[in-house]
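Open the model in your viewer and keep the sequence panel visible. The stops below are meant to be selected in order.

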Amino acid sequence: MLLVRASSRSGTPGVWSLPGGAVDHGEDPNHTVVRETAAETGLSVTVTGLRNVLADMRSLPHRGVTIHTDRLIYSVSIRGGNLVDRVGHSTDLARWFTLEEAEKLKIRPFAADALGLSAASPDLRPDVAPTFPSFYAYEGPDGLHRAQRFAAYAIATDADQTHVLLTRIAPGYPGEGCWHLPGGGTDYGEQPGTALIRELVEETGQEGRLIELLGVASHRDAASLGPEGYPIDWHGVRAFYRVIVDDPTDVIVKDVGGSTSEALWMPLPDVRRLAESELTEVTAEALQKARLT
């Protein structure tokens with residue numbers, strides 16, 4: 001396994017982790033992992049698969065903050081380049097280890113979990129997640145507000161896969177009138193799968209069970225005008241999962257006056273007849289990934 005070591009310039013000097021880093025605004029996470037791996041290791045890679053999506057929290061008392069991070073774990077293959085050390089950066093070494101060797105290292109908890117190792121660094125985790133808004137738009141240097149949000153959505157079907165649960169976006173929200181997937185933004189400190197099952201109940205009243213992670217979609221709407229009343233350069237990173245609802249019930253939209261105006265169980269033949277213009281981007285992508293269109 002290829003691991004990188006945090007330098008003295010980081011908050012966890014000497015601790016090893018997976019190569020990677022933060023998704024820039026508007027950037028596809030597939031491109032992020034290629035860019036960050038090259039910067040940290042000197043190797044050019046190509047993405048071969050999505051392994052997992054998870055979240056963790058880390059307290060930094062000396063800075064007075066708690067960081068929530070949504071992490072996308074990819075498998076990659078090497079295309080070229082040469083392994084290099086990065087003196088003066090946040091990571092300073094990149095090395096290959098067997099799993100047996102890695103077990104003896106001090107490793108960030110999320111990396112240890114991804115590799116199936118018990119070794120972990122003593123990251124401080126808060127007992128209670130701090131209160132933080134799920135949506136926040138900040139003003140950029142050009143005067144345009146920007147927002148980047150992670151969310152989880154469901155391709156939810158009945159057990160026989162004859163009906164798909166869809167929602168319709170309410171007037172006044174970006175994509176109004178389009179059919180969308182049940183789900184939404186994850187709360188601070190919340191795992192994506194847990195958030196999705198919660199959102200399913202809150203949004204439609206349906207009890208579902210998580211089956212598998214299907215993929216991750218990255219979409220940008222550079223000047224979306226919503227209920228805030230001003231244009232926002234919006235970047236959404238959305239994990240979508242297959243969910244089975246064993247006992248479908250009548251759908252009730254519980255968030256009256258919110259972003260969902262309608263929700264229903266749509267017969268699969270009707271779903272397949274929907275035009276792409278009638279679907280949100282993530283819905284079209286997820287249905288295709290689930291091989292339902």
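**Strand 12 and its neighbours**

Select Ala-151 and Arg-238: the two are bridge partners, with Arg-238 sitting in strand 12. Keep in mind that this is a predicted model.

Now widen the selection to residues 145–158, which make up strand 7. Strand 7 runs parallel to strand 12, and 14 bridges join the two.

Next, select strand 12 itself, residues 231–245. How many of its 15 residues are buried? The count is 13, so the strand is mostly covered, buried here meaning under 20% relative accessible area.

Go on to strand 11, residues 209–225. Strand 11 pairs with strand 12 in the antiparallel sense, over 13 bridges. To see one facing pair, pick Glu-212 and Arg-242; the latter belongs to strand 12. Then follow the chain from strand 11 into strand 12: they form a hairpin with 5 residues between them. In that turn, stop at Gly-229, which has a positive phi of about 90 degrees.

**A surface patch**

Select Ile-78, Leu-83 and Trp-96, and switch on the surface. Together they form a nonpolar patch with about 300 Å² of accessible area. Leu-83 is found in the loop between strand 4 (65–81) and strand 5 (91–96). Its relative accessible area is 35%, which means that Leu-83 counts as partly exposed.

**The annotated spans**

Finally, colour residues 1–119 and 147–288, where an unreviewed UniProt entry places the feature "domain: Nudix hydrolase". Residues 1–119 are 20% helix and 40% strand, with end C-alpha atoms 14 Å apart. For residues 147–288 the figures are 19% helix and 45% strand, and the end C-alpha atoms lie 27 Å apart.

Terms used
Residues numbered from 1 in each chain as written. Predicted model: local features only at pLDDT ≥ 70, side-chain atom pairs only at ≥ 80, totals over all residues. Heavy atoms only, no water. Buried < 20%, exposed > 50% of the residue type's maximum accessible area, 1.4 Å probe, protein only. Helix = DSSP H or I, 4+ residues; strand = E, 2+ residues; numbered from the N terminus. Pairing = 2+ DSSP bridges. Patch = residues over 30% accessible without salt bridge, like charges linked within 9 Å, V, L, I, M, F, W, Y side chains within 5 Å. Areas by Shrake-Rupley, 256 points an atom, 1.4 Å probe, with all protein chains shown as cover. Salt bridge = Lys/Arg side-chain N within 4 Å of Asp/Glu carboxyl O. UniProt positions renumbered as here; feature names shortened; annotations may be inferred.
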